[in-house]
2 protein chains.
Amino acid sequence: MAITSRAKSKPGKKTVPVKKPVLRRKKLKVAIAGFGTVGRSVAKLLCQEASDTFELTHIFNRNVARKKVDWVPASVRWTESINEVLSSDIDIFVELAGGVKPAGDWIRKALRSGKSVVTANKLLIAESGPELVEIAREAGRRLEFGASVAGGIPAIMGIQDGLAGDRLFKIAGVLNGTCNFILTKMEATGASFESALREAQELGFAEADPTNDVEGYDARAKLVILAQAGLRVRLESEQIPCWPISSVEAVDFAYARELSCTIRQISLAQKETGDGLSVRAFVRPALVPMSSLVAHVEGSKNLVMATGQYAGQMVFSGFGAGGDPTAVAVVSDLYSIARTGQSPAGNLPVVETPKDVSGEFTAPYYLRFVVKDRPGIIAAVATVLSRYGIGIDAVLQRPGYPHSALPFIMTLEPAGSAMLGCALQEINRLDFHVEPVLCMPILVD
Amino acid sequence: MAITSRAKSKPGKKTVPVKKPVLRRKKLKVAIAGFGTVGRSVAKLLCQEASDTFELTHIFNRNVARKKVDWVPASVRWTESINEVLSSDIDIFVELAGGVKPAGDWIRKALRSGKSVVTANKLLIAESGPELVEIAREAGRRLEFGASVAGGIPAIMGIQDGLAGDRLFKIAGVLNGTCNFILTKMEATGASFESALREAQELGFAEADPTNDVEGYDARAKLVILAQAGLRVRLESEQIPCWPISSVEAVDFAYARELSCTIRQISLAQKETGDGLSVRAFVRPALVPMSSLVAHVEGSKNLVMATGQYAGQMVFSGFGAGGDPTAVAVVSDLYSIARTGQSPAGNLPVVETPKDVSGEFTAPYYLRFVVKDRPGIIAAVATVLSRYGIGIDAVLQRPGYPHSALPFIMTLEPAGSAMLGCALQEINRLDFHVEPVLCMPILVD
């Protein structure tokens with residue numbers, strides 16, 4: 001007996017109960033564009049686990065000959081011609097090539113020729129999500145992108161549908177597995193950022209050019225998508241300030257531990273209503289208390305927190321990347337289309353464009369100094385801070401460091417980041433610094 | 001612009017793009033049966049947040065006069081007659097009365113008269129879920145029960161739809177907020193079980209008769225529902241062994257801490273395939289490592305873990321009870337019906353009945369003894385264990401307890417629970433015990 005039943009029947013029309021419903025729908029024809037790690041995993045799931053519901057008909061890739069594998073059915077057509085795929089009779093086009101171009105054009109064309117689309121393309125959805133959704137609506141077809149954020153974690157469905165009854169005002173999370181791998185490696189072993197990055201690269205968790213991950217751009221694209229799904233606000237990536245994790249050092253984990261915290265790359269978007277809708281959003285390394293679930297997301301895992309007016313804080317966590325977890329998200333989207341049909345759903349609230357988007361954020365802050373030690377340093381810093389009305393909470397200095405490059409930290413009473421930024425500009429001009437002051441918010445849930 | 005668009009249009013038919021789609025569907029008429037804490041919260045959400053999509057038309061309760069509130073629209077009909085509700089022209093019947101009878105009959109009648117049903121009734125769904133789903137299928141109507149497990153956490157949707165592409169083999173979690181409140185209170189303050197229970201009762205987190213929570217029966221009903229949704233197996237509550245949390249004492253938290261663990265009430269169901277499908281399932285207090293997210297679920301929160309062959313382990317956490325969180329789950333189910341229609345979805349895999357269900361579970365175990373101290377106790381215990389082929393990992397004894405009632409613990413190498421149960425029967429017959437040995441598995445993720 002099925003927990004959610006298989007067959008549709010007309011309202012009021014009683015069907016004769018049968019012990020095992022054997023009704024089989026026509027299989028949905030699926031084409032995959034992009035046969036890299038995720039593409040291969042999706043093909044595997046479609047051929048092994050989901051072959052009752054879906055028929056894989058096409059695999060598109062450039063230089064497709066070198067991609068061929070022997071475990072897909074002989075009926076699958078391998079092709080280098082995207083037009084052959086888009087002009088075929090497939091039901092669903094699965095876009096896994098990535099990048100804004102030409103993937104966006106393929107998706108537009110697929111939707112307009114009556115195919116539903118499933119994509120894992122975070123850059124494209126962050127940039128053009130609402131436009132593509134509108135094209136899907138006009139075409140009467142589905143566009144699903146559950147795999148574009150946090151891999152296998154059903155975060156978009158969870159916040160958009162599962163918490164549809166709430167009014168969410170905050171989305172926060174650990175959205176980049178590479179950064180989380182590096183930071184948890186530094187936390188566990190005392191490694192430097194450079195050596196943790198090198199290990200991540202050797203293990204395939206970081207790319208040769210890690211800029212997109214380390215600077216926060218990858219997480220930012222995901223935050224834009226989550227803010228659309230959960231907060232129903234339209235952000236542009238460029239509106240969200242990012243701070244790199246590369247300025248975090250081993251000593252910061254030691255100090256964080258003394259404050260019962262650890263350090264994570266946090267992506268946060270928070271809706272505030274006052275004189276019009278405004279949104280606070282950033283991607284940056286931050287201190288998080290050990291009592292929070294966020295502090296216990298290890299390695300390449302991801303975590304998404306959604307906070308609503310009624311249900312409070314919800315957390316979703318799991319593997320945010322990798323071929324198989326991402327493929328699960330893709331195939332779950334395919335099942336969603338199989339289950340509820342090709343027509344786009346109705347009745348979801350409109351996405352608003354906020355009046356104001358900024359990284360301004362009031363919180364207690366952690367400042368880490370590395371100085372050539374001499375008397376009067378704390379007094380000099382305190383003088384500047386007090387001029388900006390910013391209170392000092394504590395000063396900590398661990399023993400065992402040279403006077404020529406002495407790290408110490410200061411924790412601050414809650415302060416606005418803009419005001420603190422001004423104070424830090426002034427503080428950074430003082431002559432005792434060995435490196436610029438590192439500033440991180442201390443987040444509470 | 002809507003992130004998921006509002007209007008359905010026919011495939012191929014191009015509609016003229018409009019800036020703000022103003023198409024309004026007819027509101028869905030909703031009746032609430034049961035106007036307690038959750039019913040009031042659902043009514044509030046329907047009247048405040050969701051009034052564009054739904055119209056609350058009836059509120060049913062016994063002695064309804066004493067329930068009346070002035071903040072629902074005057075058009076709402078307050079009634080003591082369930083037949084008046086079920087024979088009206090409502091679209092969706094929301095059952096919040098709880099209990100197996102008469103709620104089950106109301107739901108059957110509602111479905112058969114062409115209404116969709118949303119319920120938060122865990123006992124009923126655990127007992128009769130598949131039967132009711134079949135009735136819904138025959139009637140061509142939706143039956144949604146996202147609120148029946150873990151309140152506001154979209155766990156059922158998350159594992160059933162969000163992870164549809166995976167093959168889940170294990171569901172585990174902290175499913176009872178009352179027990180979690182008691183255990184985390186004991187953990188934080190060193191309180192005894194009795195005093196933590198009293199505090200939970202005073203704060204309204206536990207009922208006057210806490211049996212259902214403390215013995216594990218409440219969590220067990222939820223586990224049955226999650227196993228159906230995620231593992232697609234049909235368990236009967238009676239097949240799942242439960243151990244009470246009342247035998248956990250303050251000293252156990254002290255010992256757990258020395259083992260880098262804490263104690264939670266864990267509900268677990270795990271599918272194993274060998275010679276036919278078998279399922280291991282239990283509800284019991286267990287040691288969980290501090291490195292696990294489970295160890296950091298505090299107070300009345302819940303956590304659901306789902307482990308799949310492809311996406312690995314996913315975690316969902318949040319408030320598992322309370323009026324507002326549960327109401328969010330109910331209203332999210334209502335939105336799901338508004339979004340994807342009254343017809344039940346198709347294409348979900350069949351739920352299987354396992355050949356064998358047992359609480360047998362191989363794990364390292366924690367044994368806590370309270371003894372009248374004398375030489376030879378550890379030797380006596382070790383002799384019995386070794387006869388059953390069970391290896392001892394460590395023996396710990398904290399100072400500061402009287403010789404007349406001395407607690408100490410033993411941790412065991414992984415052992416089968418049935419074999420261990422036999423050994424414990426024999427050990428409990430030895431003459432030095434002040435109370436029976438407490439036995440808990442030590443779980444790793």
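1. How many residues of domain 1 of chain A are in contact with domain 2 of chain A? In this predicted model, six residues of domain 1 of chain A are in contact with eight residues of domain 2 of chain A. On the side of domain 1 of chain A that touches domain 2 of chain A, four residues are nonpolar, one is polar and one is charged.

2. As for the division behind that contact, chain A is split into domain 1, covering 28-144, domain 2, made of 155-320 together with 349-358, and domain 3, covering 363-441. Between domain 1 of chain A and domain 2 of chain A, the C-alpha centres are 29 Å apart.

3. Turning to strand E4 of chain A, which spans residues 92-95, I note that both of its faces are covered. A:Ile92 and A:Val94 are buried on one side, while A:Phe93 and A:Glu95, a charged residue among its neighbours, are buried on the other.

4. The pairing of E4(A) can be followed strand by strand. Strand E1 of chain A, residues 28-33, runs parallel to E4(A) and is joined to it by four bridges, and within this pairing A:Val30 has A:Ile92 in E4(A) as its bridge partner. Strand E5 of chain A, residues 116-119, likewise pairs with E4(A) in the parallel sense over four bridges, with A:Val118 in E5(A) as the bridge partner of A:Val94.

5. The connection from E4(A) to E5(A) also deserves a remark, since helix H3 of chain A, residues 103-112, makes a right-handed β-α-β unit together with E4(A) and E5(A).

Terms used:
Residues are numbered from 1 along each chain as its sequence is written. Chains are lettered from A and ligands numbered from 1 in the order in which they are written. This is a predicted model: local features need pLDDT of at least 70, side-chain atom pairs count only at pLDDT 80 or more; totals for chains, interfaces and linings use all residues. Domain bounds come from an automatic or database domain assignment. Two residues are in contact if their C-beta atoms, placed from the backbone, lie within 7 Å. A residue is buried if 20 or more other C-beta atoms lie within 10 Å of its own, exposed if 12 or fewer, and partly exposed in between; C-beta atoms are placed from the backbone. Helices (H or I, at least four residues) and strands (E, at least two) are DSSP runs, numbered from the N terminus. Two strands pair if DSSP finds at least two bridges between them. A crossover is right-handed if, with the strands pointing away from the viewer, the path from the first strand over the helix to the second runs clockwise.
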